[in-house]
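Hi everyone, thanks for coming. Let me put the structure up on the screen, and then we can walk through it together.

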Amino acid sequence: MKSYAFGIDLGGTTVKIGLFDPQGTILEKWEIPTDKSNNGANVLSDIAASVLGKMKEKGIGADQVEGVGIDVPGPVLNETVVNRCVNIGWGVIDVGKELSEKLGGLTVKVGNDANVAALGEMWKGGGQGHQNVVMATLGTGVGGGIILNGKIVPGTFGAAGEIGHMCMNPNETAVCGCGKKGHLEQYASATGITRMANDYLASYTGESSLKNIADPSAKDIFDAAKAGDQAALDLVDKLGDMLGRAFALISCVVDPEVYVIGGGVSKAGQILIDVTEKYFKKYAFHASENAKITLATLGNDAGIYGAVRQVL
């Protein structure tokens, strides 16, 4: 194993880059802006320039670098080809090949951002010590990643782990961002929780502090629940029911040791774990019901940790 490796997390606003040693210790991290002009034509050149610049600054030769791992916000095939990143502007592009060429031939491995974050959490975060992990990222949407035997499961079409688009309610009339209806993302994302709250509060006849808040956020709801607000407790219970049932369904297919919950909604803390675990145990097949449910711990660094893990 060589002395260094780079982990790169490509987002729609910034690119996070980390320099690591072979044991996964982060030596330095920094960010550059994501230039989405001209359909992201300059993104890979900017990344290469930043990595090569850091190597020059530190006196690191190419022969000392094990490789570069990068995650992207889109489906990835064969650890190299990206099949559209709409918020970057890319169509189908062989990121592994192009970035390697710009880096003078360094090994480059590419993964989907949610899958790679799951890999990072398995390695150095909430799933540490386990080889079979499912991560659910509850943010503006709901993302996911599946790790089996320590490796990412990307799926045939790069869509494995898209748990936010599991159909949880076939009777839903509202449309998901993907164009279909009743998906987990419509209930368990930050925006979905707000939508669910507005629907519930419209017919709730009791007193609730949430009625004084226009479009209550997930944080508003969890804070009110922790203070004993009954409407908020009901909403948290609905969320736990939806997440616990989703995890029970996933367990019937991949049977992980641990579920790691990340994203902004996970900042609610133990109350989210407790209610999800309650319903998971209610719905899960008996052989899977002791899977652990825990919080992610790497925060915004999960991507760079997972990205570098691909090449280490």
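Let's start with helix 4, which gives more residues to the lining of the largest pocket than any other element, 5 of them. Please keep in mind throughout that this is a predicted model.

So what is the volume of that largest pocket? It comes out at about 1,500 Å³. The lining is made up of 50 residues, and if you want to find the centre on your screen, look for Pro73, Asp113, Ala114, Thr137 and Gly143, which lie nearest to it. Several elements supply at least two lining residues each: strand 1 (4–10), strand 2 (14–20), strand 6 (81–85), helix 4 (113–124), strand 9 (133–138), strand 10 (142–148) and helix 10 (302–309). As for the chemistry, the lining of the largest pocket has 26 polar residues, 15 nonpolar ones and 9 charged ones.

Next, the second largest pocket, with a space of about 370 Å³. Here 19 residues form the lining, and the ones nearest the centre are Glu79, Leu119, Lys151, Ile152 and Gln310. Two or more lining residues come from each of strand 5 (76–77), strand 8 (108–112), helix 4 and strand 11 (151–152). Which element gives the most to this lining? That is strand 8, with 4 residues. By class, the second largest pocket is lined by 7 nonpolar, 8 polar and 4 charged residues.

Let's stay with Glu79 for a moment. Glu79 sits in the loop between strand 5 and strand 6. Its phi is positive, about 60 degrees, although Glu79 is not a glycine. Is Glu79 buried, exposed or partly exposed? With a relative accessible area of 41%, Glu79 is partly exposed.

There is another residue of this kind to look up. Asp215 is not a glycine either, and it has a positive phi of about 50 degrees. You will find Asp215 in the loop between helix 6 and helix 7. Asp215 counts as exposed, because its relative accessibility is 52% and the cut-off for exposed is over 50%.

That loop brings us to helix 6. Helix 6 covers residues 190–201, which is 12 residues, and it reaches 17 Å from its first C-alpha to its last, close to the 16 Å expected. Which of its residues are buried? They are Gly192, Ile193, Thr194, Met196, Ala197 and Leu201. As a reminder, an α-helix has 3.6 residues a turn, so residues three or four places apart point the same way. The buried residues of helix 6 pack against three other helices: helix 5 (185–188), helix 7 (218–226) and helix 8 (230–254).

Now for the enclosed space in the model. How many cavities of 30 Å³ or more does a search of the whole structure find? The search finds 1, and the volume of the largest cavity is about 40 Å³. Its lining consists of Ile193, Met196, Ile221, Phe222, Leu235, Val236 and Leu239. Two of these names, Ile193 and Met196, also appeared among the buried residues of helix 6. Helix 6, helix 7 and helix 8 each supply at least two of the lining residues, and helix 8 has the largest share, with 3. The lining of this cavity has 7 nonpolar residues, no polar ones and no charged ones.

Let's turn to a sheet. Five strands form an open sheet in the order 11-10-9-12-13, with mixed pairing. Strand 11 and strand 13 (292–295) stand at the edges with a single partner strand each, so one side of each has no neighbour in the sheet. Further in, strand 9 pairs with strand 12 (residues 258–262) in the parallel sense, over 5 bridges. One spot to look for is Val133, which stands opposite Val258 in strand 12.

My last stop is Leu10, in strand 1. Leu10 counts as buried, because its relative accessibility is 1%. Setting aside residues up to four places away in sequence, Leu10 touches Val15, Thr34, Val43, Asp71, Val72, Pro73, Ile88 and Trp90. Pro73 is also one of the residues nearest the centre of the largest pocket. And how far apart are the C-alpha atoms of Leu10 and Gly303? They are separated by 8.6 Å, with their places 293 residues apart along the chain.

That's my tour, thank you for listening!

Methods. Residues are numbered from 1 along each chain as its sequence is written. This is a predicted model: local features need pLDDT of at least 70, side-chain atom pairs count only at pLDDT 80 or more; totals for chains, interfaces and linings use all residues. Side-chain values use heavy atoms; hydrogens and water are left out. The expected span of a helix is 1.5 Å times one less than its number of residues. Buried means under 20% relative accessible area, exposed over 50%, partly exposed in between (1.4 Å probe, protein chains only). Contact means heavy atoms within 4.5 Å. On a 1 Å grid over the protein atoms alone, a cavity is a set of points where a 1.4 Å probe fits but cannot get out, and a pocket is an open set with protein on both sides within 12 Å along at least five of seven lines; lining residues have an atom within 4 Å of a point. Grid points are joined across faces, edges and corners, and a volume is the space filled by probe spheres set on the points. Ala, Val, Leu, Ile, Met, Phe, Trp, Tyr, Cys and Pro count as nonpolar, Asp, Glu, Lys and Arg as charged, and the others, Gly among them, as polar. Two strands pair if DSSP finds at least two bridges between them.
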